[in-house]
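Could you walk me through this structure in my viewer, one selection at a time? I have not seen it before and would like to know what to click on and what I will find there.

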Amino acid sequence: MKVVSEETQVFKVNLSGSAITMTEIADGIVTKGQGMVLKSNSNSISMTVNASASDDNYDGNSLQGTMTAIANPGNAYVLNKKSAGIGFYKLKAEGTIGANKAYLVYNGTETREFLLSGEATGIDNVSVSNCGNGEVYDLQGRRVSQPTKGLYIVNDKKVVIK
């Protein structure tokens, strides 16, 4: 299938350890049976059947695709938008994955979600920066300009804003 809209990007996802890397499939051709992430500013995405295969390589794609709805295969992470942001979140044990959807399988124990933010397409490592400058940060380390109720880091200390 070929994505028709130029506003839409196609990504494969590689899971390595507890880090994910998203790589754009530049020609927009989705190889049959491959899981992928579509990113678009449009409310709908049009696709057409394309006889030729993608020039891009789907090797290393960790997304699993399913043509029919299935029960959670175990340790499945699905793309979702929650209060922490857009990312891959662990599917509840009794959850199902819909037809024509993609998911990650992660067997590690140290990560509960894989958050995507801005234009980042991968996280290689995490470093600690000084939070002692009076700035307010959320628990994911993102600076917050107008905090609401919740738990934040201010001057290297956890602070509850009621």
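Here is a tour in six stops, from a sheet to a core, its rings, two single residues and a second sheet.

Before you start, keep in mind that this is a predicted model.

**Stop 1: the sheet of five strands**

Select strands β6, β11, β8, β9 and β12, given here in their order across an open sheet with antiparallel pairing. Look at the two ends of that order: β6 (residues 64-66) and β12 are the edge strands, and each has a single partner, so one side of each is left without a neighbour in the sheet. If you turn the view, you can follow the twist, which averages 40 degrees from one strand to the next.

Now keep just β8 and β9 in view. β9 covers residues 85-90 and runs antiparallel to β8, with 6 bridges joining the two. To find your place along this pair, pick N80 and look across to G87 in β9, which stands opposite. As you look along any strand, a general point may help: in a regular strand the side chains alternate between the two faces of the sheet.

**Stop 2: the largest nonpolar core**

Next, show the side chains of F11, V13, L15, I20, M22, V37, L63, Y77, F88, L104, Y106 and F114. Together these 12 residues make up the largest nonpolar core. Which elements give two or more residues to this core? They are β2 (9-16) and β3 (19-24). The largest share comes from β2, with 3 residues.

Apart from this core lies another one of 5 residues, and you can find it by selecting A76, V78, L91 and Y103, which are among its members.

**Stop 3: three rings in one cluster**

Return to the largest core and keep Y77, Y106 and F114 on screen: they form one aromatic cluster. A search of the whole structure finds 3 aromatic pairs, and this stop visits two pairs that involve Y77.

Begin with Y77 and Y106. Their ring centres are 5.8 Å apart and the planes meet at 75 degrees, so the pair is edge-to-face. Y77 is in strand β8 (residues 76-82), while Y106 is in the loop between β11 (101-105) and β12 (113-115), so the pair ties together parts that are 29 residues apart in sequence. Are these two residues buried or exposed? Both Y77 and Y106 are buried.

Then swap Y106 for F114. Y77 and F114 also form an edge-to-face pair, with 5.3 Å from centre to centre and 65 degrees between the planes. Here Y77 is in strand β8 and F114 in strand β12, so this pair ties together parts that are 37 residues apart in sequence. Y77 and F114 are both buried as well.

**Stop 4: N72 in its loop**

Select N72, which you will find in the loop between β7 (70-71) and β8. Why does N72 count as buried? Its relative accessible area is 17%, and buried means under 20%.

To see what surrounds N72, add L91, K92, A93, G95 and T96, which it touches when residues up to four places away in sequence are not counted. Look closely at L91: the side chain of N72 reaches its backbone oxygen at 3.2 Å.

**Stop 5: T66 in strand β6**

Go back to strand β6 and pick T66, which lies in it. T66 is buried, with a relative accessible area of 10%. Leaving aside neighbours within four places in sequence, T66 is in contact with I97, G98, A99, N100 and K101, so show those too. The side chain of T66 also reaches the backbone oxygen of T68 at 2.5 Å. For one last selection here, add G33: it is 33 residues away from T66 along the chain, yet their C-alpha atoms are separated by 7.7 Å.

**Stop 6: the sheet of three strands**

Finish with the open sheet β13-β14-β15, whose 3 strands have antiparallel pairing. β13 (136-137) and β15 stand at its edges with a single partner strand each, so one side of each is left without a neighbour in the sheet.

Between β13 and β14 there are 2 bridges, and Y137 stands opposite I153 in β14. Strand β14 (residues 150-154) is joined to β15 by 5 bridges, with L151 opposite V160 in β15. In the hairpin of β14 and β15, 2 residues sit between the strands, and N155 takes a positive phi near 50 degrees. Last of all, colour β15 (residues 157-161): it is hardly covered, and the count of buried residues among its 5 residues is 0.

How values were computed
Residues are numbered from 1 along each chain as its sequence is written. This is a predicted model: local features need pLDDT of at least 70, side-chain atom pairs count only at pLDDT 80 or more; totals for chains, interfaces and linings use all residues. Side-chain values use heavy atoms; hydrogens and water are left out. Buried means under 20% relative accessible area, exposed over 50%, partly exposed in between (1.4 Å probe, protein chains only). Helices (H or I, at least four residues) and strands (E, at least two) are DSSP runs, numbered from the N terminus. Two strands pair if DSSP finds at least two bridges between them. A nonpolar core is a set of buried Ala, Val, Leu, Ile, Met, Phe, Trp, Tyr and Cys residues joined through side-chain atoms within 4.5 Å. Rings of Phe, Tyr and Trp (its six-membered ring) pair if their centres lie within 6.5 Å; planes under 30 degrees apart count as stacked, over 60 as edge-to-face and the rest as tilted. A polar contact is a pair of N or O atoms within 3.5 Å; within protein, one must be able to donate a hydrogen and the other to accept it, and residues adjacent in sequence count only if both atoms are side-chain atoms. Contact means heavy atoms within 4.5 Å. Axes are lines fitted to C-alpha atoms, for helices over the stretch in contact, and angles run from 0 to 180 degrees between N-to-C directions.
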